[in-house]
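Please read the following report beside the sequence and the 3D structure. It deals with side-chain packing, surface character and contacts between distant parts of the chain.

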Amino acid sequence: MGATIKFRDKNRISIRIILIITLAVYILAGFRKIFTFNDTLNTISEKLGSLNFLAYPAIIFAILAEIIPPILIIVEPENSLMAQISSFILVLFMVLLVLMFHNPLTMKGVEAEFMVRVSMIGTLLLIAYNSE
């Protein structure tokens, strides 16, 4: 029998504060991509190489994935299906991000960034698990 963390009273302000602190990094990154759209587009184009025609759809997906799911989780933490789907969208986004930009198997010096992203994925999975 393992110990689990449960959202006892899902309407409590403390849960929303924790979620805001945890998910603010995604929302801020999404808005940063909007304000630095051309620079981000160039970076993604370089990473995609011959598939650079996918850069524009990729940045739109990134912006939407970083802004909408966190807001849905913060606004409706008691809506388990919405919070779980939103968490899994963010997990998918984070896995793609790790593979493209922070993959320690193909890049040198990205171990710290890789571990940060893995811990963020763990936090998102914990949110999905606790949104029953």
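What follows describes the nonpolar cores, an aromatic pair, a surface patch and a close approach in space.

The model is predicted, and the values below are computed from its atoms. The largest nonpolar core contains 18 residues, of which Leu-19, Leu-23, Tyr-26, Ile-73, Leu-90, Met-94 and Leu-124 touch the most other members. At least two residues of this core come from each of α1 (13-35), α3, α4 (80-101) and α5 (111-130). Another core, of 6 residues, lies apart from the largest one, and its members include Ile-44, Ala-55, Ile-59 and Ile-67.

Met-94, one of the residues that touch the most other members of the largest core, can be followed further through its contacts. When its neighbours within four places in sequence are left aside, Met-94 is in contact with Tyr-26, Arg-117, Met-120, Ile-121 and Leu-124.

The aromatic residues offer a second view of the packing. The structure holds 2 aromatic pairs, and one of them is formed by Phe-37 and Tyr-56, whose rings are arranged edge-to-face at 5.7 Å centre to centre, with 70 degrees between the planes. Because Phe-37 lies in helix α2 (residues 37-48) and Tyr-56 in helix α3 (residues 55-75), this pair ties together parts that are 19 residues apart in sequence. Phe-37 is partly exposed, and Tyr-56 is likewise described as partly exposed.

On the surface, Phe-61, Leu-81, Ile-85, Ile-89, Leu-92, Val-95, Leu-96 and Leu-99 make a nonpolar patch of about 680 Å². Helix α4 gives the most to this patch, with 7 residues. One of the patch residues, Leu-81, is found in helix α4 and is exposed, with a relative accessible area of 53%.

Which residue lies 4.6 Å from Ser-80 in space, C-alpha to C-alpha, although the two are 51 residues apart in sequence? That residue is Ser-131. Ser-80 itself lies in helix α4 and is partly exposed, with a relative accessible area of 23%.

The accessibility of the residues discussed individually is set out below.

| Residue | Relative accessible area | Class |
|---|---|---|
| Phe-37 | 22% | partly exposed |
| Tyr-56 | 49% | partly exposed |
| Ser-80 | 23% | partly exposed |
| Leu-81 | 53% | exposed |

Tyr-56, at 49%, is classed as partly exposed, whereas Leu-81, at 53%, is classed as exposed, because the exposed class begins over 50% relative accessible area.

Terms used
Residues numbered from 1 in each chain as written. Predicted model: local features only at pLDDT ≥ 70, side-chain atom pairs only at ≥ 80, totals over all residues. Heavy atoms only, no water. Phe/Tyr/Trp six-rings, centres within 6.5 Å; stacked < 30°, edge-to-face > 60°. Helix = DSSP H or I, 4+ residues; strand = E, 2+ residues; numbered from the N terminus. Buried < 20%, exposed > 50% of the residue type's maximum accessible area, 1.4 Å probe, protein only. Core = buried A, V, L, I, M, F, W, Y, C linked by side-chain atoms within 4.5 Å. Contact = heavy atoms within 4.5 Å. Patch = residues over 30% accessible without salt bridge, like charges linked within 9 Å, V, L, I, M, F, W, Y side chains within 5 Å. Areas by Shrake-Rupley, 256 points an atom, 1.4 Å probe, with all protein chains shown as cover. Salt bridge = Lys/Arg side-chain N within 4 Å of Asp/Glu carboxyl O.
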